[in-house]
Amino acid sequence: MRELSIFAAAEEASDRDCVVDGQSTYSFMDVAGLVAGELERLHGLGIVEESYVALTPRANLDSIVRLFALFELGAPALVLHPRLTDPERRALLDEAPTHHVLEDQTLPAPAPLPRRRVEHALE
């Protein structure tokens, strides 16, 4: 069985596109490097394997990296919708067995990578 990991994907297809963000593209190797840094930050917060983590991801590279890092750790993620009201959010957090709640300001954003312009080849 193949290992399902961003790091395994980076070894197997390092230069292939992993995330396309507007006019920028990030290879599996780029994203794996960001995930490695995010894993260090998560460990620094005491988040380890099987830590239940609640977060409100956004449609951006930072959130994708954070989710990949949680997957790598084996830390179950409770994904909260950004449009939840405070009472809805509190109700979910009261019911869910979370050990950590990651707010946008809790973790610094990953260091930006040099932006590469996405080139579309005509076939």
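Me: What share of the contacts in the protein chain with a separation of 6 or more comes from residues 24 or more positions apart?
Reply: In this predicted model, residues 24 or more positions apart account for 68% of those contacts, where a contact means heavy atoms within 4.5 Å.

Me: What makes β3 and β4 paired strands?
Reply: Two strands pair if there are at least two bridges between them; three bridges join β3 (residues 53–55) to β4, and the two run parallel, so the criterion of at least two bridges is met. Within this pairing, alanine 54 stands opposite leucine 78 of β4.

Me: Why are β4 and β5 called edge strands of the sheet?
Reply: The open sheet consists of three strands in the order β4-β3-β5, with parallel pairing. Because β4 (77–79) and β5 (100–102) each have a single partner strand, one side of each is left without a neighbour in the sheet. On average, neighbouring strands here are turned by 25° against each other, direction ignored.

Me: How do you know that helix α3 packs on the sheet?
Reply: Helix α3 (residues 61–73) touches β3, β4 and β5, and its direction makes about 170° with that of β3.

Me: Which residues touch the most other members of the largest nonpolar core, and what makes them buried?
Reply: Among its 21 residues, these are Val35, Leu42, Ile47 and Leu70; core members are by definition buried, which means that each has under 20% relative accessible area. At least two residues of this core come from each of α1 (6–12), α2 (28–44), β3 and α3. Leaving aside neighbours within four places in sequence, isoleucine 47 is in contact with Leu42, Val53, Leu70, Leu73, Ala75, His100 and Leu102.

Definitions and conventions
Residues are numbered from 1 along each chain as its sequence is written. This is a predicted model: local features need pLDDT of at least 70, side-chain atom pairs count only at pLDDT 80 or more; totals for chains, interfaces and linings use all residues. Side-chain values use heavy atoms; hydrogens and water are left out. Helices (H or I, at least four residues) and strands (E, at least two) are DSSP runs, numbered from the N terminus. Axes are lines fitted to C-alpha atoms, for helices over the stretch in contact, and angles run from 0 to 180 degrees between N-to-C directions. A nonpolar core is a set of buried Ala, Val, Leu, Ile, Met, Phe, Trp, Tyr and Cys residues joined through side-chain atoms within 4.5 Å. Buried means under 20% relative accessible area, exposed over 50%, partly exposed in between (1.4 Å probe, protein chains only).
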